[in-house]
Structure formats: C-alpha cells, structure tokens
Amino acid sequence: MEDEVDRLVAAWRRERPDLDVEPLEVLSRVSRLARHLDRARRLAFAEHQLEPWEFDVLTSLRRAGAPYQLSPGQLLTQTLVTSGTMTNRIDRLAKKGLVERLPDPTDRRGVLVRLTAEGRDRADQALSGLLDQERAILSRLSRAERAGLAALLRQLTAPFDNIPG
C-alpha cells in the first residue's frame, strides 16, 4: 500500500538523485502521524470540553496519585512549559473549578496544585476517550507489531527525553 511519503520520496529521488533521502521514509511518516494524532487527541479532548494543555495538566495531577497534587515546579517538569505559562494555566483551570491551590505545609511560601473531584472526573473521562481513539488508530497492527514499534520509537525518543536540564 503506497502512502504520501512514498510519493514524496520518489519525487525527491527523481529530482535529487545525488541525495540519500532514506531518513524521510521514517521521519516524514513520524511527522505526518504526529499531525494525525494531534487531530485525534483534540477531538477526544473536545468531547470533554478540554484543550490539550488542560488535559496535560489535569492528567499530570491525576497520575500523581491521591491526593492528586503537585507543586507548580513539578508540573513544569512534566508539561515542559515556562513558569509564566504554568501560572496562567493553573489560574484558568482553577477558574473552571478543575484544580485548586493550597498552601504547601512544608514550605510557607509554596503552594500545591490539587485536582478537584470534577477535574479528576474530567481527566478520567478524557483519558478513556483518548484511549478509544488511539486503539482505533493502532487496530491494524498486531500486539507484537505494536510492541516492536514501541521499542523502536523508544530508541529514538529516549535520548531526547534524557537530556539534562
């Protein structure tokens, strides 16, 4: 079965036979898949009245386990945004009643961000919707193919995920 990447690689090979365009065969597919996944995720989150960034913050708190709270610094580490952006996001989620700010009992000047019951329900529902979407996307692959693909992608992403700082 031919795809759009096959066509673009063939065109580059015809137009620039002097270049080795093999990386495009993998990374252009990864890039195109990322765009398709972004659309599917946005759809899954919209069904639960969430933006992707809201899902990221809420699920970071949900994964923390009871009492579903983290410091803003911990949220920064997990969501890879600036402190100003995180402050804005926490403000907006608090306004919607999905998170609350609490004083940090171990740091008089610190705060903790805690998931509300509504925030937890919304995160759980959106995660279920997302997993349904993602299962559908992966349905053409066998369990063994999914495991093999996950292992190969891990080899590519791990060096980026483990860069200090």
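**Nonpolar surface patch and a buried glutamate**

In this predicted model, Val26, Leu27, Val30, Leu149, Leu153 and Leu156 form a nonpolar surface patch of about 480 Å². Two helices contribute to the patch. Helix 2 spans residues 22–46 and helix 7 spans residues 143–161; each supplies at least two of the patch residues. Leu153 is one of the patch members and belongs to helix 7. The relative accessible area of Leu153 is 36%. Leu153 is therefore classed as partly exposed, and this value passes the patch cut-off of over 30%.

The UniProt record, an unreviewed entry, assigns residues 23–158 to the feature "domain: HTH marR-type". Helix makes up 70% of this span and strand 9%. The C-alpha atoms at the two ends of the span are 18 Å apart.

Glu54 presents another setting. This residue sits in helix 3, which covers residues 52–63. Its relative accessible area is 2%. Glu54 therefore counts as buried, since the limit for that class is under 20%. A polar atom of the Glu54 side chain lies 2.6 Å from the backbone nitrogen of Glu51. This distance falls within the 3.5 Å limit for a polar contact. Beyond residues up to four places away in sequence, Glu54 touches Gln49, Leu93 and Lys96.

Technical notes
Residues are numbered from 1 along each chain as its sequence is written. This is a predicted model: local features need pLDDT of at least 70, side-chain atom pairs count only at pLDDT 80 or more; totals for chains, interfaces and linings use all residues. Side-chain values use heavy atoms; hydrogens and water are left out. UniProt positions are given in the numbering used here, feature names are shortened, and annotations may be inferred rather than shown by experiment. Helices (H or I, at least four residues) and strands (E, at least two) are DSSP runs, numbered from the N terminus. Patches are made of residues with over 30% relative accessible area and no salt bridge: like charges are joined within 9 Å, nonpolar side chains (Val, Leu, Ile, Met, Phe, Trp, Tyr) within 5 Å. Accessible areas come from the Shrake-Rupley method with a 1.4 Å probe; for residues, only the protein chains shown count as cover. A salt bridge is a side-chain nitrogen of Lys or Arg within 4 Å of a carboxyl oxygen of Asp or Glu. Buried means under 20% relative accessible area, exposed over 50%, partly exposed in between (1.4 Å probe, protein chains only). A polar contact is a pair of N or O atoms within 3.5 Å; within protein, one must be able to donate a hydrogen and the other to accept it, and residues adjacent in sequence count only if both atoms are side-chain atoms. Contact means heavy atoms within 4.5 Å.
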